[in-house]
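Colleague: Could you choose one part of this model and take me through it closely? I'd love to hear how it is built and what it packs against.

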Amino acid sequence: PLLDTLITEHAEMRTQVETLEPAATEAETLNAQLKAFGDLLERHVRCEERELFALFEAHLPEDEAERLKNAIAQFIGEGR
């Protein structure tokens, strides 16, 4: 359930970002959208920090965590 929630929030954040440009001409609308996005982002990051990372650390052996870290670093380094 936690991953489903976080994946749904990622999709919601992408959707909110895509709607920002059309609202840019109306300051009040843009301000409301930015506040909603900021609130969602803050909740999302806190959930990842407090729940997802705690589960990761509790259930993933150190050698597997290191392997995953290296794979992510390689992926990011390739400009993806």
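Modeller: Happy to! Two residues are in contact here when they have heavy atoms within 4.5 Å of each other. With that in hand, let's look at helix H3 in this predicted model. The buried residues of H3 pack against helix H1, which covers residues 2-18. Those buried residues are Phe37, Leu40, His44, Cys47 and Glu48. When you look at how they are spaced, it helps to remember that an α-helix has 3.6 residues a turn, so residues three or four places apart point the same way.

Next, the overall form of the helix. H3 has 33 residues, and at 1.5 Å a residue they should span 48 Å; the end C-alpha atoms are 46 Å apart, so the two values agree. H3 also has a kink of about 35°, centred on Glu48. Glu48 is one of the buried residues of H3 as well.

Now let's cross over to H1 and look back. Leu6 has its place in helix H1. With a relative accessibility of 3%, below the 20% cut-off, Leu6 counts as buried. Leaving aside residues up to four places away in sequence, Leu6 touches His44, Cys47, Glu48 and Leu52. So that you can keep your bearings, the C-alpha atoms of Leu6 and Ala58 are separated by 19 Å, and these two residues are 52 apart along the chain.

Leu2 is found in helix H1 too. Its relative accessibility is 18%, so Leu2 also counts as buried, given that the limit is under 20%. On the same terms for sequence neighbours, Leu2 touches Cys47, Glu51, Leu52 and Leu55. Leu2 and Leu52 are 50 residues apart along the chain, yet their C-alpha atoms are separated by 7.5 Å.

Leu52 brings us to one more feature. The largest pocket is lined by Leu52, Phe53, Phe56, Ala65, Leu68, Lys69 and Ile72. Two elements give two or more residues to that lining: helix H3, residues 27-59, and helix H4, residues 62-77. H4 supplies the largest share, with 4 residues. By class, the lining has 6 nonpolar residues, no polar ones and 1 charged one. As for the space itself, the largest pocket has a volume of about 210 Å³.

Notes:
Residues numbered from 1 in each chain as written. Predicted model: local features only at pLDDT ≥ 70, side-chain atom pairs only at ≥ 80, totals over all residues. Heavy atoms only, no water. 1 Å grid on protein atoms, 1.4 Å probe; cavity = no way out; pocket = protein on both sides within 12 Å on 5 of 7 lines; lining within 4 Å. Points joined across faces, edges and corners; volume = space filled by probe spheres on them. Nonpolar A, V, L, I, M, F, W, Y, C, P; charged D, E, K, R; others polar. Expected span 1.5 Å × (residues − 1). Bend = angle between axes of the 7 residues up to and from the residue. Buried < 20%, exposed > 50% of the residue type's maximum accessible area, 1.4 Å probe, protein only.
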